[in-house]
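This report describes a single chain, going from its sheet to its cores, helices and loops. The sequence and structure come before the text.

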Amino acid sequence: MKTTLLTQSDQKEALSHVYVRSLAAISGFITSVPEQDRDSVDLRIQAGGSRRPALDLQLKATTKLSANQEGALNFRISIKNYRDLRDKTQTPRLLVVLKLPEDPSKWLMVTPEKLILHSHAYWLSLQKGYEDVADQETITVHIPQKNVLNVETLKTLIEQSRTGTI
């Protein structure tokens with residue numbers, strides 16, 4: 001008898017939320033989920049202080065993230081998400097891609113001492129260097145491997161949102 005309700009795709013999506021929300025919590029930021037995802041925003045992160053900076057994120061998760069000849073990570077997204085992430089908006093929009101191991105049994109490990117999510121995420125802004133495209137359903141974007149999303153990076157991105165430099 002099948003007892004699971006989530007597909008592997010659903011599980012990947014849930015883990016991408018857990019990853020980013022954990023970083024935000026440790027950073028002291030709040031998160032919220034739009035009631036409907038019509039604008040390619042899966043999660044918003046907000047901070048306090050002057051200007052109340054925020055980031056709008058499109059979250060993805062994959063077990064397949066390969067590097068190209070220049071060392072950037074290739075990831076295919078829908079043209080709708082691509083265009084939405086390129087739009088000029090008051091709140092910066094970022095693509096966040098969670099890399100998971102091929103084996104689903106290795107995605108998460110729980111011990112009496114630790115909760116380990118065996119993965120890491122990368123971020124990408126499509127505001128500069130990405131042109132509009134026509135007559136395609138998907139497009140490959142190239143994420144620099146240095147764009148690992150961790151606590152320090154998230155804090156830096158929030159400060160860049162505050163100053164309008166992202």
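Two strands are taken to pair if DSSP finds at least two bridges between them. The model discussed here is predicted.

**The three-strand sheet**

By that criterion, three strands form an open sheet in the order 4-5-10, and the pairing is antiparallel. Strand 4 and strand 10 are at the edges with a single partner strand each, so one side of each has no neighbour in the sheet. Strand 4 covers residues 66-67 and pairs with strand 5 over two bridges, in the antiparallel sense. In this pairing Ala67 stands opposite Leu73 of strand 5. The hairpin of strand 4 and strand 5 has five residues between the strands, and Gly71 takes a positive phi near 95° there.

On the other side of the pairing scheme, strand 5 and strand 10 are joined over six bridges, again in the antiparallel sense. His142 in strand 10 is the bridge partner of Asn74, and Ile139 in strand 10 is the bridge partner of Ile77. These two residues of strand 5 belong to opposite faces: Ile77 is on the covered face with Leu73 and Phe75, while Asn74 is on the uncovered face with Arg76 and Ser78.

**Nonpolar cores**

How many residues does the largest nonpolar core have? The number is 23, and the residues with the most contacts inside this core are Val20, Ile45, Leu57, Val96, Leu149 and Leu154. At least two core residues come from each of helix 1 (8-27), strand 2 (43-46), strand 3 (54-62), strand 6 (93-99), strand 9 (120-124) and helix 3 (151-163). Helix 1 supplies the largest share, five residues. Another core lies apart from this one; it has 17 residues, among them Leu73, Tyr82, Val97 and Val133.

Within the largest core, Ile45 can be followed in detail. Leaving aside residues up to four places away in sequence, Ile45 touches Val20, Ala24, Phe29, Ile30, Thr31, Pro53, Ala54, Leu55, Leu57, Leu154 and Ile158.

**Helix 3**

Two of the residues touched by Ile45, Leu154 and Ile158, are also buried residues of helix 3, along with Thr153, Leu157, Ser161 and Arg162. The cover over the buried residues of this helix includes helix 1, strand 2, strand 3, strand 6, strand 9 and strand 11 (148-149). At the start of helix 3, a side-chain oxygen of Asn150 comes within 3.2 Å of the backbone nitrogen of Glu152. Just after the helix, Gly164 has a positive phi of about 75°.

The length of helix 3 can be checked against its residue count. The expected span is 1.5 Å times one less than the number of residues. For the 13 residues of helix 3 this gives 18 Å, and the end C-alpha atoms are 19 Å apart, which agrees.

**Helix 2 and the aromatic pair**

Helix 2 (residues 79-86) has Ile79, Asn81, Tyr82, Asp84 and Leu85 buried. Strand 3, strand 5 (73-78), strand 6 and strand 10 (138-143) are included in what covers these residues.

Which residues make up the one aromatic pair of the structure? Tyr82 and Tyr130 form the pair, which is edge-to-face, with 6.2 Å centre to centre and 75° between the planes. Tyr82 lies in helix 2 and Tyr130 in the loop between strand 9 and strand 10, so the pair ties together parts 48 residues apart in sequence. Both tyrosines, Tyr82 and Tyr130, are buried.

**Positive phi outside glycine**

Most residues other than glycine have a negative phi. The table lists two residues that depart from this, with the loop and relative accessible area for each.

| Residue | Phi | Loop | Relative accessible area |
|---|---|---|---|
| Arg52 | near 45° | between strand 2 and strand 3 | 58% |
| Asp135 | near 55° | between strand 9 and strand 10 | 83% |

Are these residues buried or exposed? A residue counts as exposed when its relative accessible area is over 50%. Arg52 is therefore exposed at 58%, and Asp135 is exposed at 83%.

Terms used:
Residues numbered from 1 in each chain as written. Predicted model: local features only at pLDDT ≥ 70, side-chain atom pairs only at ≥ 80, totals over all residues. Heavy atoms only, no water. Core = buried A, V, L, I, M, F, W, Y, C linked by side-chain atoms within 4.5 Å. Buried < 20%, exposed > 50% of the residue type's maximum accessible area, 1.4 Å probe, protein only. Helix = DSSP H or I, 4+ residues; strand = E, 2+ residues; numbered from the N terminus. Contact = heavy atoms within 4.5 Å. Polar contact = N/O pair within 3.5 Å; in protein donor to acceptor, adjacent residues only side chain to side chain. Phe/Tyr/Trp six-rings, centres within 6.5 Å; stacked < 30°, edge-to-face > 60°.
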